[in-house]
Structures are given as structure tokens and as C-alpha cells.
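Hi there,

Here is the structure I promised to send over. Have a look at it first, and my notes follow underneath.

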Amino acid sequence: MLEVSDLTIARGGIAVLEGVSFTLAPGQVLVVRGPNGIGKTTLLRTVAGLQPPVSGRIAVPPESLVYAGHSDGIKATLTVTENLKFWAEVFGHKDYLTAIEAFNLGPLATRPAGALSAGQKRRLGLARLLVTGRAIWVLDEPTVSLDTEAVAMFVRAVRGHLAAGGMALMATHIDLGLGEAQVLDVAGYRAKPLADHDFDGAFL
Amino acid sequence: MIALLLRDIRLAMRAGGGFGLGLSFFLIVVVLVPFGVGPQSALLTVIAPGILWLGALLACLLSLDRILALDWEDGSLDLLATSPLPMEGIVSVKALAHWLTTGLPLVAAAPVLGLLLNLSEAGYKWLIISLFLGTPALSVIGTFGAALTVGLKRGGLLLSLLVLPLYVPTLIFGAEVARRGAEGFDVTTPLLMLAGITCGTIALLPFASAAVLRVNLR
């Protein structure tokens with residue numbers, strides 16, 4: 001269960017979104033939408049705990065969340081298997097073969113990740129989610145550079161995750177065909193400039 | 001933790017990983033010094049401990065920006081920060097991996113290079129001991145510097161400027177152990193100081209590095 005209430009978030013000291021509230025129950029998926037630069041990434045990073053909120057509350061069970069950002073965190077000189085195995089071990093799991101199968105990485109398993117195409121790298125990055133065993137997926141633009149077939153693989157993986165009681169919070173611009181997804185349009189939560197942000201005033 | 005250590009060591013060993021960068025720099029410095037000094041073996045004996053220590057320190061400095069910058073660039077640092085590993089553990093393991101791939105080879109290579117500098121016979125033992133005790137501090141302090149500058153494009157210059165003053169105590173006492181050892185004096189005081197600096201940095205700096213890294217990831 002992920003609960004966010006009355007959240008105000010800032011990027012580089014400037015508030016971008018305010019009053020954001022939502023809850024995510026097991027088996028649910030929430031898609032965050034909004035124009036470029038509105039603060040979707042900042043929202044996801046704040047929920048993932050990478051930066052503190054300005055105000056508001058994020059209630060998330062400890063050790064239950066996994067974040068996947070714009071970059072996949074892939075080491076170019078390690079093979080596909082070595083990359084996945086590393087993340088599996090970091091999260092205390094052994095099974096990475098299911099993830100390789102789910103994203104059809106079998107034929108690429110022994111290749112150095114640096115030799116993969118952008119879409120293949122992304123598939124590897126998404127396969128990492130499966131080896132973490134975490135319940136809440138926080139995904140920032142997960143389908144960038146994926147072809148339709150790979151998007152279908154991703155949707156299958158998300159559905160499987162939801163069926164097992166998982167949750168997903170993702171920012172995306174394209175329609176994934178996830179009919180069950182709730183949509184949060186953050187354009188309506190654009191923050192007014194913070195009153196106490198009179199930076200020059202402090203020096204006058 | 002062990003997975004992260006093994007991954008970092010494996011990455012360092014692979015092509016472009018930077019293993020051997022510090023070592024070859026150390027080799028170059030030490031090989032070139034006798035040419036610069038000229039054929040005066042007595043003078044070389046005198047300066048050998050200091051040159052060896054300075055060479056090891058600069059070689060260590062060379063690879064510092066790789067400790068965290070590469071992980072930051074490809075996004076692994078964000079993912080590691082949201083993983084079950086505590087941030088203090090991550091920076092400690094990274095420092096350990098840096099020492100194993102940079103510091104330890106320097107310790108191993110130092111006696112061979114000591115020969116080139118006409119190091120006195122009694123000096124070898126203390127040179128190895130002082131480097132073995134001192135280089136972990138260089139890696140831990142360097143990781144702190146790397147955490148401070150992570151995310152800065154071309155932060156290498158700033159990193160060197162930040163880290164070099166912090167390296168001075170280690171250099172002074174490390175080179176002093178090697179010098180006194182080479183000249184046959186008692187080494188207890190500088191040896192204890194060197195060990196103290198290393199233990200202190202290993203105990204305290206990971207917390208500072210982790211705190212700085214959390215701020216830099218925002």
C-alpha cells in the first residue's frame with residue numbers, strides 16, 4: 001500500500017507540484033501524465049525516496065519499493081546475465097532466469113550490455129524489476145525506445161506483477177493498453193511560486 | 001555488499017576499467033625520477049622513500065573520479081540508493097574495491113620500484129608496511145572527495161583540489177615511516193600516527209560520504 005497525501009515537491013529549490021494526493025492498493029497501477037517539465041520525474045524520485053518532499057506525507061512500507069529511472073543502470077562491460085545477476089544479488093534473490101525469459105533476453109544473455117541496442121538495453125533495465133522481488137514499481141518513462149512487441153512484453157510483466165499483488169506507479173506518454181490503469185494528470189497540481197523564495201530579498 | 005564488491009572489481013579488470021592506470025602512472029613517475037635527478041645514487045637513496053610515497057599518492061588520485069562518477073552517469077547510483085544496501089555500506093564497499101584495485105597493486109609494486117631508486121636495504125620492509133597501512137586512508141578519503149563532486153561534469157580538478165589537503169597528513173606520516181625505516185631509526189611514532197589516521201578515516205568518513213551523496217542525488 002502506497003499512500004501519498006498533500007505532497008509538495010521541489011526541483012532545484014523551486015516548487016513544481018503541490019497538493020498531490022493518491023493511494024495505490026495491491027493490484028493497482030497508476031499512470032502519471034502531464035506535459036514535459038511539469039515535475040513527473042521529480043514526483044517519482046520523491047516517492048522513491050531519492051529526494052525529500054517540501055511538505056506532505058509519503059507512506060510506503062519499508063523495503064518494498066524499486067525505482068527505474070531514465071537510465072537503466074547497465075554496465076556496458078558486463079554481460080546481460082552478469083548485470084541481472086548483480087541486481088538479483090543486491091536485492092537478495094537468486095532467480096534471474098525468469099526475468100531473462102520474460103523480456104526475451106535469452107539470445108542476448110552472454111553479450112556485453114554495451115553491444116545492445118537502445119531498446120534491448122531498456123528491456124534489460126526492465127528485466128531488473130523482476131529480479132528485485134519488490135512490491136511497488138516506480139517507473140519513469142519505462143517504454144522509451146521499445147518496439148510494439150517489447151511494449152507488449154512489458155505490459156505482460158506489469159500484469160503479472162499486479163496479479164501477484166504488486167503495485168506500479170509510472171510516468172508515460174503513450175497508451176500502454178493497460179485498461180485497468182488509473183490516470184493521475186498532474187498538470188492540475190502546478191505549484192504557485194513559494195512565498196519564502198525571495199532569494200534576492202535576503203541580500204538587500 | 002559482496003555482490004557490489006565483486007562487480008566493482010570485475011568492472012575494474014574489464015577493458016577500459018582503469019585497473020593498471022594508477023599502477024602504470026606510479027611506474028612512469030618512479031622510472032623517470034632517476035633520469036631527472038641524474039647519476040647520483042647517494043642522493044636517490046635519500047629521496048627514495050618520499051618519491052615512492054608521492055608517486056603512490058598521485059597514482060591513487062588519478063583513479064578517484066571513477067569511483068562514483070561512472071555509476072552516477074549510467075544511473076546505477078540512483079538504483080543502488082533505492083536498493084536494500086545502506087548508503088554507508090555502498091561507499092565503504094566502493095572505497096574497498098578502489099583500494100583492492102589501486103592501492104594494493106601499488107603496495108605490491110613499490111619494492112620493485114624501490115630497487116630503481118636505490119632504496120636502502122632496511123627501507124623495503126618499512127616502505128611496504130607504511131604503504132599497506134596508509135593507502136586504505138587514501139581510498140577512503142578519495143571516496144569522500146568523489147562523493148562531494150559526483151554529478152559535476154569534469155569534476156576531476158575540483159576533486160584533486162579538495163582531496164589533496166586531506167592527503168597531507170597521510171603523506172607526511174607515511175613517508176616519515178619509510179624514511180626513518182630506511183635510515184634505521186625508530187618508526188613507532190609516525191607508524192602509530194599513520195595507523196591512527198587510517199583507522200579514523202575508515203571509521204568516520206563513510207558516514208560523511210553517504211550524507212554528501214544523499215544530498216548530491218537529489
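Let me start with where the two chains of this predicted model meet. The contact draws on 21 residues from chain A and 21 residues from chain B. On the side of chain B that touches chain A, α1 (2–13) and α5 (76–81) of chain B each supply at least two residues. The most comes from α1(B), which gives 5 residues. Sorted by class, that side of chain B has 9 nonpolar, 6 polar and 6 charged residues.

Staying with chain B, do scroll along helix α6, which covers residues 87–116. This helix has 30 residues and reaches 42 Å from its first C-alpha to its last, close to the 44 Å expected at 1.5 Å a residue. There is a kink in α6(B), though: about 40 degrees at B:Ala110, shortly before the proline B:Pro111. Just after α6(B), you will find B:Asn118 with a positive phi of about 60 degrees.

Now over to the strands of chain A. Three of them form an open sheet, in the order β2-β1-β4 (chain A), with antiparallel pairing. The edges are β2 (14–24) and β4 (55–59) of chain A, each of which pairs on one side only. From one strand to the next, the twist averages 25 degrees. Between β1(A), residues 2–11, and β2(A) there are 7 bridges in the antiparallel sense, and A:Val4 stands opposite A:Phe22 of β2(A). Helix α1 of chain A (residues 40–47) packs on this sheet and touches β1, β2 and β4 of chain A. The direction of α1(A) makes about 125 degrees with that of β1(A).

Chain A has parallel pairings too. Strand β3(A), residues 29–33, runs parallel to β7(A), residues 167–171, and 4 bridges join them. Within that pairing, A:Val31 has A:Met170 as its bridge partner. Another 4 bridges join β3(A) to β8(A), residues 182–185, again in parallel, and here A:Val32 stands opposite A:Leu184.

What about β5(A), residues 65–68: which residues cover its two faces? A:Leu65 and A:Tyr67 lie on one side, A:Val66 and A:Ala68 on the other, and all are buried. β5(A) pairs with β6(A), residues 136–140, in the parallel sense over 4 bridges. One of the residues just named, A:Tyr67, has A:Val138 in β6(A) as its bridge partner.

Happy to go through any of this with you.

Best wishes

Technical notes: Residues are numbered from 1 along each chain as its sequence is written. Chains are lettered from A and ligands numbered from 1 in the order in which they are written. This is a predicted model: local features need pLDDT of at least 70, side-chain atom pairs count only at pLDDT 80 or more; totals for chains, interfaces and linings use all residues. Two residues are in contact if their C-beta atoms, placed from the backbone, lie within 7 Å. Ala, Val, Leu, Ile, Met, Phe, Trp, Tyr, Cys and Pro count as nonpolar, Asp, Glu, Lys and Arg as charged, and the others, Gly among them, as polar. Two strands pair if DSSP finds at least two bridges between them. The expected span of a helix is 1.5 Å times one less than its number of residues. The bend at a residue is the angle between axes fitted to the seven residues ending there and the seven starting there. A residue is buried if 20 or more other C-beta atoms lie within 10 Å of its own, exposed if 12 or fewer, and partly exposed in between; C-beta atoms are placed from the backbone. Axes are lines fitted to C-alpha atoms, for helices over the stretch in contact, and angles run from 0 to 180 degrees between N-to-C directions.
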